[in-house]
Amino acid sequence: MKVVIADDDDLQRAILSAALKRMEHTPIEAVDGLQAYDLLCEHNASILVCDLNMPGLDGNDLTKKVRETILDRYVHIIMVTGHDQEAVRQNALHLGVDDFMGKPIDTATLTARISITERLVQHENLIKEKNRVLEEAKAIIEQDLHAAAIAQKRLLPAPRIETPLCCFYSAFVPSSYVSGDMFATFELDGNRTGFYAMDVSGHGVSAALLSVAIGHLVTAEYFQRNTFADDGTPDPAQLAKTLNSRFFHDDSEDYFTLFCGVIDHDSQELHFCQAGYPSPMVVTKDGTLRDIGDGGYPVALLPDVEFTSERAPLLVEDTLVLFSDGATEAEDTQNNAFGRQQLSQIVLDAQARDLNLMPDAIIAALRAWRGQRTLDDDLTVLVCQRRFPQ
């Protein structure tokens, strides 16, 4: 190992250098503290043996400078002092010296001190190498997660979708790279529009994998096939039942909440099934707000669950607002939840101003509530306004 020796005594340096060479180390000699510091930096050495009393920069000043400026590695400092300098040693320890040797230097003591320090340096280098490998692995994982996040977002509808009968506005904010939320909208046969929003329990990769699997599975054709009764009546509970049968497993704790709906534009009704997803809000043209649904069981939590389809009026120019529980449960710095009351006010204010900006207004309010901290839970906002046929 490279060991910098700082001592203004030529004989002392020679004795130390000879002993280090016998130990198969490489001594690098310096006549004072300033030269020692330069040699530490030049040779990237991690061991310094220095005398306390040197001209220019003494041992204490050298120690202080090393600790303040050499931050890319740890330099082990062994100081040579007199045996009767206890107070001086206490001060040197405070400045950052690791060990001491008394004068005159004993070769056995030097050998022991250097051997101990060598093991420490080797251990540090081993940790540094392991950290380097971990950092490389972390970078690869983050790169893969970033690619996965892009792929997941490609499954989602565009933030703004206009059809002859509906306008959809949405926002999607993962709490991490990927999200357990998923949603989609569909133009169906018979003057009808379909949609769903779901939220997998938990966070991270496991939740995201299930949400992506559902996003791939529930295509427009799959949705159409599984949300109507044999007589053609909308029955969204069939979709929840089908997904429950497919994704429930005795050996799995994964489950998800779901709200799926079919808007019948002729009858001006919303046929829906609520499976544990937060109750959406409906805002009428005159600014009246009401909630839809009363809860229901999540999907894939229990094997035999009775899902039901319900109906509610959804008139032209009514606005339906869906949101995952990341909206109402977002906590401020005092652990207070944002709640439905505040969310209702944001919805009403946005409805009166510009409906297109409602998802962004909700996100901005939540970020302000959080003190600009990242959301703890994934967030989905899906806004649907019925409109007159174009």
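Which residues do ring pairs link into a cluster? In this predicted model, the cluster consists of Phe186, Tyr196 and Phe223, joined by ring pairs. The sheet, its packed helices and further ring contacts are described below.

The sheet is open and contains 5 strands. Their order is E8-E9-E10-E11-E14, and the pairing is antiparallel. Strand E8 spans residues 181-188 and strand E14 spans residues 310-313. Both stand at the edges. Each has a single partner strand, so one side of each is left without a neighbour in the sheet. On average, neighbouring strands are turned by 20 degrees against each other, direction ignored.

The contact between E11 and E14 can be described in detail. Strand E11 covers residues 269-275. It runs antiparallel to E14, and 4 bridges join the two. Phenylalanine 272 has glutamate 310, in E14, as its bridge partner.

Two helices that pack on the sheet come next. Helix H6, residues 204-217, packs on the sheet and touches E8, strand E9 (192-200) and strand E10 (256-264). The direction of H6 makes about 165 degrees with that of E9. Helix H8, residues 237-247, also packs on the sheet. Its contacts are with E10 and E11. The direction of H8 makes about 150 degrees with that of E10.

Aromatic contacts were then examined. The count comes to 6 aromatic pairs. In one of them, the ring centres of phenylalanine 247 and phenylalanine 256 lie 6.1 Å apart. Their planes stand at 85 degrees, so the pair is edge-to-face; the cut-off for this class is over 60 degrees. Phenylalanine 247 has 15% relative accessibility and therefore counts as buried, since the limit is under 20%. Phenylalanine 256, at 0% relative accessibility, counts as buried as well.

A stacked pair is formed by phenylalanine 259 and phenylalanine 272. Their rings are 5.3 Å apart, centre to centre, with 10 degrees between the planes. This pair links distant parts of the chain. Phenylalanine 259 belongs to strand E10 and phenylalanine 272 to strand E11, and the two are 13 residues apart. Both are buried. Phenylalanine 272 thus appears in two settings: it takes part in the stacked pair, and it has glutamate 310 as bridge partner.

A ring also meets a charge in this model. The charged end of lysine 65 sits over the ring of tyrosine 37. The distance from the ring centre is 4.3 Å.

Note on methods
Residues are numbered from 1 along each chain as its sequence is written. This is a predicted model: local features need pLDDT of at least 70, side-chain atom pairs count only at pLDDT 80 or more; totals for chains, interfaces and linings use all residues. Side-chain values use heavy atoms; hydrogens and water are left out. Two strands pair if DSSP finds at least two bridges between them. Axes are lines fitted to C-alpha atoms, for helices over the stretch in contact, and angles run from 0 to 180 degrees between N-to-C directions. Contact means heavy atoms within 4.5 Å. Rings of Phe, Tyr and Trp (its six-membered ring) pair if their centres lie within 6.5 Å; planes under 30 degrees apart count as stacked, over 60 as edge-to-face and the rest as tilted. Buried means under 20% relative accessible area, exposed over 50%, partly exposed in between (1.4 Å probe, protein chains only). A charge sits over a ring if NZ of Lys or CZ of Arg is within 6 Å of the ring centre and within 35 degrees of the ring normal.
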